[in-house]
Amino acid sequence: MYKLYYWPEIQGRGEFVRLALEAAGAKYQDVARRAKGMDALIAGLKSDAPMPPYAPPYLQDGELVIAQTAAILAHLGPKLGLAPKDDAGRLHALQLQLTIADLVDEAHNTHHPVGSALYYEEQKKEAKRYTKNFRKLRIPKYLGYFERVLAANPQGPEHLVGDALSYADLSLFQVVEGLKYAFPKAAARELDTLPLVTALHQAVGRLPRIKAYMKSKRRIAFNEQGIFRRYPELDG
Ligand SMILES: N[C@@H](CCC(=O)N[C@@H](CS)C(=O)NCC(=O)O)C(=O)O
């Protein structure tokens, strides 16, 4: 039984871990969504044990507690059958996840370009300027990169790495979901030019376990506390 510790009201970065656990049909507790779970999450952050997590998400797997989304997925991937079997393939999956983490940071900055301790309403002007650049340059550059990675995969363009579903594919699915939610116009425009990313997004969405998860109460709806937020004034 894996224990995931993440904020209970948002998809956020925890969603990348939830998707991997769900896709594999793994048994897990989403601890902070259970009674007294927030106390447990905070206690873990304040723990005096060696190697405390700096921030959620963090995962407990037996005795091991591990934080940082990409590190959690690098740990879980092989155990859940969601990572290539060869060393190079595993490194490449991690490389892709870290690139997705960079994109996620920038997506967060679209509504918090000045500081996370301030409200969006206190940085709207800067947010508009930051997001214009994000929409026009960064979304195309990131998604175009993933399109190139798919096209160049010697094992076929159905997956980012290797010849089977990996956590990197699931994470790209989540990023596309997030961009479509936050920037519906900009994302649609961009995805129109990216057939391989679009096909991967659709294929992941059709996976029976993912489909069931998306309809379940375990999937928290996107909202304006999370990373991907819909503020129409930021969609151009
Ligand atoms: N690089 C870390 C970032 C973790 C992170 O920023 N977590 C957020 C929630 S999504 C948080 O609670 N941060 C608190 C903080 O940075 O003080 C990861 O990818 O897991």
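**Figure 1. A closed cavity in the predicted model and the residues around it.** By class, 6 nonpolar and 5 polar residues make up the lining of the largest cavity, and no charged residue takes part. This is a predicted model, and a search of the whole structure turns up 1 cavity of 30 Å³ or more. The volume of the largest cavity is about 80 Å³. To find its walls in your viewer, start with Ile10, Gln11, Gly12 and Phe16, then add Gln174, and finish with Ala221, Phe222, Asn223, Gly226, Ile227 and Phe228. Keep Ile227 selected for the next view, since Ile227 is also among the residues nearest the centre of the largest pocket.

**Figure 2. The largest pocket, seen through its lining.** The largest pocket holds about 760 Å³ of space. Its lining is made of 30 residues, and those nearest the centre are Tyr6, Arg13, Ala55, Pro56 and Ile227. Two elements, α3 (69-80) and α4 (87-111), give two or more residues to this lining. Helix α4 has the largest share, with 8 residues. What is the chemical make-up of the lining of the largest pocket? The split is 17 nonpolar, 8 polar and 5 charged residues.

**Figure 3. A cis peptide bond beside the largest pocket's central residues.** Pro56, one of the residues nearest the centre of the largest pocket, is joined to Pro57 by a cis peptide bond. The omega angle of this bond is near 5 degrees. Pro57 sits in the loop that runs between α2 (37-45) and β3.

**Figure 4. The second largest pocket.** This pocket has a volume of about 280 Å³. Among the 16 residues that line it, His92, Asn153, Leu160, Val161 and Gly162 come closest to the centre. Helices α4 and α5 (124-152) each contribute at least two residues to the lining, and the biggest contribution, 5 residues, is that of α4. Sorted by class, the lining has 9 nonpolar, 6 polar and 1 charged. Helix α4 is worth following from one pocket view to the other, as it gives the most to the lining here and also has the largest share in the largest pocket.

**Figure 5. Gln155 and its neighbours.** Gln155 lies in the loop that links α5 and α6. Is Gln155 buried or partly exposed? Its relative accessibility is 48%, so Gln155 counts as partly exposed. Leaving aside residues up to four places away in sequence, Gln155 touches Gly162 and Asp163. Gly162 is a familiar name from the previous view, being one of the residues closest to the centre of the second largest pocket. Zooming out, Ser116 is 39 residues from Gln155 in sequence, and their C-alpha atoms are 41 Å apart.

**Figure 6. Helix α3 and its buried side.** Helix α3 has 12 residues and spans 15 Å from its first C-alpha to its last, close to the 16 Å expected at 1.5 Å a residue. Which residues of α3 are buried? They are Thr69, Ala70, Ile72, Leu73, Leu76, Gly77 and Leu80. These residues lie on the same side of α3, because they cover an arc of only 145 degrees around the axis. Their packing partners are β1 (2-5), α1 (14-23), β3 (58-61), β4 (64-67), α4 and α6 (167-182). Just after α3 comes Gly81, with a positive phi near 70 degrees.

**Figure 7. Two residues other than glycine with positive phi.** Gln68 belongs to the loop between β4 and α3. Although Gln68 is not a glycine, its phi is positive, at about 80 degrees. With a relative accessible area of 58%, Gln68 is exposed. Lys36 is found in the loop between β2 (28-30) and α2, and its phi, near 60 degrees, is also positive. Lys36 counts as exposed too, at 70% relative accessibility.

**Figure 8. Lys132 on helix α5.** Lys132 is part of helix α5. Its relative accessible area is 46%, and therefore Lys132 is partly exposed. For orientation, look across to Gln174, which also lines the largest cavity. Lys132 and Gln174 are 42 residues apart along the chain, with 22 Å between their C-alpha atoms.

Key:
Residues numbered from 1 in each chain as written. Predicted model: local features only at pLDDT ≥ 70, side-chain atom pairs only at ≥ 80, totals over all residues. Heavy atoms only, no water. 1 Å grid on protein atoms, 1.4 Å probe; cavity = no way out; pocket = protein on both sides within 12 Å on 5 of 7 lines; lining within 4 Å. Points joined across faces, edges and corners; volume = space filled by probe spheres on them. Helix = DSSP H or I, 4+ residues; strand = E, 2+ residues; numbered from the N terminus. Nonpolar A, V, L, I, M, F, W, Y, C, P; charged D, E, K, R; others polar. Expected span 1.5 Å × (residues − 1). Buried < 20%, exposed > 50% of the residue type's maximum accessible area, 1.4 Å probe, protein only. Arc of directions from axis to C-beta. Contact = heavy atoms within 4.5 Å.
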